[in-house]
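Let's take a walk through this structure together. Keep the 3D view open beside you and follow along as we go.

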Amino acid sequence: MSSSNRSRVTIDVDGTRYVDDVEPRTLLVHHLREHLGKVGTVVGCDTSNCGACTVLMGGPDQPQRSVKSCSVLAVQADGTGVTTVEGLAGPNGELHAVQQAFHELHALQCGFCTPGMIMSAVDLLRDNPDPTEEEVREGLSGNLCRCTGYQNIVRAVRSAAASLRAQAETTMEVAA
Amino acid sequence: MTAGTEPEVGNARKRKEDARLITGRTRWTDNITLPGMLHLAILRSPHAHARIVGVDVSAALREPNVVAAFSGADVADVQGSLPCAWPVTEDIVHPVRPPLAVDAVRHHGEAVAVIVARDRNSAVDALDAIEVTYEPLPAVLDLAAAAEDGADLVHPDKGTNRSYTWIFDSADAGTGGSVADAEAEVTVHRRYVQQRLIPAFMEPRSVVVDPGAGEYTIWSATQIPHILRVFYALLTGVPEHKIRVIAPDVGGGFGGKLQVTPEEMIAFLAARRVGKPVKYTETRGDSMLSAHHGRDQIQDITLTAKRDGTLTGIHVKLLANMGAYLGLVGPGVPILGAFMFNSIYKVRAYRFECVGVFTNTTITDAYRGAGRPEATYAIERAMDELAVELGMDPIELRRHNWIKAEEFPYTTVAGLVYDSGDYDKATDKALELFDYAGLRAEQRRRRDSRDPVQLGIGVSTYTEMCGLAPSRILGALRYAAGGWESASVRVLPTGKVEVVTGTSPHGQGHVTAWSQIVADELGVAFEDVEVLHGDTRTSHKGLDTYGSRSLAVGGVALVEACRKVRDKARVVAAHMLECSPDDLEFTGGAFRVRGTPDATKTVADAAFAVFAAHDLPDGVEATLDADATFDPQTFSFPHGTHLCATLVDTRTGQVTIDRYVAVDDVGKVVNPLIVEGQVHGGVAQGIAQALYEEAVYDTSGTLLTGSFVEYTIPSAADLPTIVTARTETPATSNPLGVKGVGEAGAIAATPAVVNAIVDALRPFGVDDVPMPCTPERVWRAVRSQSGGAA
């Protein structure tokens, strides 16, 4: 690193606390990839158009929301919790409903946009558990895919929405 | 498949590839980090055309963490020239293309100098300390003007901007008559411009070169690890057996990673120079400037026909923009199109003339379809114009001219033999799904009521030549390599199967589809097959993935390797069952003695017997494996009919795709899930050419569309849901009956969409809208024809 001017950042990523000294100009995505080995999150453009780098980020008192990690400095993420595609599955490796639906419905081909697409979809479904096709298309318009024409991505997100609603109902019944 | 169950081929298997990709456990080239690895940054030309007066890297060398810095002049004697493997004519003008510019830069973004540093930031920072003195030269940017005598020159020493002239004439070839003699009761002449596109794969290109101790290991985000290895050997002088090329996970290509790139050679030069592993990962901005572009042609097409609609002649004059140099297969791209202008029609006179032209722009080369989308666009647009001229329904005009199912095999005016097809069946299915009659009625209603939102219907019936390619034909077309493909199959002692393929997937799902093929051929479980690819150490032979070739060529090689394995297993099984091999039939995944169905042995049984080798028949080696190489005798010819309905707001120029139906015939389908995905993605890119994308240079030759802000690849909100269906007319040219599917959607969709837009605007006197049909262009087209102020 070329700078002696470094800042201490503490970020919980996928359940592990990482403490590092970084150059202030370091982007969160580069911090994740180059310092923390979180190479599941990728960089697809320089202009925050493609969304391939999308992760979930939230403060200690705020829920995690999707952010393009190329548009966040690592120092801005200090004190937050971050979930990447690598931390989305359950403790025993059980896939998140969105991951499962992407597999079931062939919503990926080369897979490069997939981490960002999945993380954006997870956030979208937290806002809107039952989106229409149009709402999914609008909701994912910040994530570019060159392989699929989006058709199976839209189907997968709506299918995952149905699974998540069913899971939520089961949870509520159990709670009742 | 386990013995006796349903066949795997045809089954919509979910992909094996997904597990890693959906959990982030991926192996992109940029993920690779090696001990001691250094990082490369490249200084690029801000000029479209300039003489390099001098490059001074001395200040950069004093920047922190900088290990090396050099310019083209520093490596001029060792860097060689990037290859063009397809010099289409004997007298082609083929300028030297150094990876790092030495005396001159000839397009915006051409590599000029490099920094090698401890980390990426230090490398990029130090670029500012490199001093380059340029003497700007006139930039040659207009394709038509560049082809004229007296134009400013991209390569002054060559004396011309015309790289080659390639001509096909059916009268000379003996495949038809002369266009001059064709009956011409009606003549339609049109000029279409194929705008320049950028493939825009999502994973930026990346390369890591590890020089080891004289043995080079190279990871690259490429479609062509095998071809790349050959060129590394030829260009660097390192013996081929000391070079290992690995294409790990590769994030899309679409032809855009079918190239031997300046960056791959520069990274090699840097790694050799410093003796350490070096990584280069491009930014998107670098990628837009330096990765090759596609299309960029001016097409003059003339159709002649009889009053009854019979097409009598096609005459095409093409200007093809090569960019500043010749790419790996760039000159051949329009030549692939030369065989497709006649499409599915029984025309008997055809002439095609193509001039490849240099301009001060990024090189062009293969992009999804490579020549065939361009040709299909021109003929399908012109057929609609002919239909208007004749007062015929555009589908009836096509039906009147296309080859009938009973006429196959059919030798076309371009000299290809189409083995199979059923254009009536595919079209009838599309018309039914589309509700063609209902939409025509709706169109009449809107026209009669002068609705500001007009409805247009576009049709595109296409075929393409896939399965690249018969090596003999490639040789006749002056392509440097062959078109065969290779596969190895080895059955392990426990009955599991390892397959090595020479194809190099980057999203196409070969691991899944190849597993399905092997499962059926050897009677093993889908899960018990592993497919290895993309590493020249394990995959020794191959010609990689492009041109919808992998299944139609590589898949067939795989079948042949499996059958060799099965033949050997049959001998072993017969020995175990104490019968003659001729007494065995292979059904339900096992060898069975005819007449004694309970006496069975599986390939796995034979594998263990071979492994133990205690009691093998005489002359049988103790291995159960086989290689096969398949070189097709002919191309394969997928076809289909796409129909598009657009709503065009004549007040704003806004185009909305209201309905899109794609019926494709790709022959036998191995995995319908994958086939449907390929059609979706292809159609999306075809729609993108029609409506959204264009690489634009300003008058100084600066690329204005240098990021995803300006180069507008569509998002989910910009694309419609499409209806897909298939007809299945098996190819007769290969044992699988397969044809290929990778490019079909991109070929068919563009003319379908533009035909629909023009159809909507016919009442306004509009007969063309240039691509991409942005709201502004549509609005101007309406205004220019209806006398309104533009």
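**How the pieces fit together**

In chain B, 18 residues of domain 1 touch 17 residues of domain 2. Keep in mind as you look that this is a predicted model. To find your bearings, note that chain B is split into three parts: domain 1 (18-25 + 484-630), domain 2 (32-137 + 202-252 + 257-290) and domain 3 (294-468 + 634-785). The centres of domain 1 and domain 2 of chain B, taken over C-alpha atoms, lie 40 Å from each other.

How much area is buried between domain 1 and domain 2 of chain B? It comes to about 1400 Å², and carbon and sulfur atoms give 47% of that. On the domain 1 side, look for His506(B), Thr536(B) and Asp544(B): these lose the most area to domain 2 of chain B, and together they make up 41% of what that side buries. There are also two salt bridges between domain 1 and domain 2 of chain B. As for salt bridges in chain B, you can look up Asp249(B) and Arg20(B), which form one with their closest N and O atoms 2.9 Å apart.

Now zoom out to both chains. The size of an interface is often given as the accessible area lost when the parts come together. For chain A and chain B, that area is about 4300 Å², with 54% of it on carbon and sulfur atoms. Here 46 residues of chain A are in contact with 58 residues of chain B. Within chain A, His106(A), Arg146(A) and Gln151(A) lose the most area to chain B, together 19% of what that side buries. Five salt bridges turn up across the interface of chain A and chain B. Try finding the pair Asp125(B) and Arg25(A), a salt bridge whose closest N and O atoms are 2.6 Å apart.

Next, pick out a single helix: α12 of chain B, residues 423-434. Its 12 residues reach 16 Å from the first C-alpha to the last, close to the 16 Å expected at 1.5 Å a residue. Which residues of α12(B) are buried? They are Tyr423(B), Ala426(B), Thr427(B), Ala430(B), Leu431(B) and Phe434(B). If you look down the axis of α12(B), these buried residues fall within an arc of 130 degrees, so they line one face of the helix. There's a handy bit of background for this: an α-helix has 3.6 residues a turn, so residues three or four places apart point the same way.

What do the buried residues of α12(B) pack against? Their partners in chain B are α11 (394-401), β17 (417-418), α13 (436-448), β18 (453-463), β26 (639-649) and β27 (655-665). Right after α12(B) comes Asp435(B), which has a positive phi, near 60 degrees.

Let's finish with two single residues. Asp384(B) sits in helix α10 (residues 372-390) of chain B. With a relative accessible area of 7%, Asp384(B) is under the 20% cut-off, so it counts as buried. Leaving out residues up to four places away in sequence, Asp384(B) touches Pro394(B), Arg398(B), Val459(B), Asn755(B) and Arg762(B).

Over in chain A, Ala101(A) belongs to helix α2 (residues 97-104). Ala101(A) is buried too, at 6% relative accessibility. Setting aside neighbours within four places in sequence, Ala101(A) is in contact with Ala156(A), Ser159(A) and Ala160(A). Ala101(A) and Asn152(A) are 51 residues apart in sequence, and their C-alpha atoms are 9.6 Å apart in space.

Notes
Residues numbered from 1 in each chain as written. Chains lettered and ligands numbered in written order. Predicted model: local features only at pLDDT ≥ 70, side-chain atom pairs only at ≥ 80, totals over all residues. Heavy atoms only, no water. Helix = DSSP H or I, 4+ residues; strand = E, 2+ residues; numbered from the N terminus. Expected span 1.5 Å × (residues − 1). Buried < 20%, exposed > 50% of the residue type's maximum accessible area, 1.4 Å probe, protein only. Arc of directions from axis to C-beta. Contact = heavy atoms within 4.5 Å. Domains from an automatic or database assignment. Buried area = accessible area lost by both parts, 1.4 Å probe. Salt bridge = Lys/Arg side-chain N within 4 Å of Asp/Glu carboxyl O.
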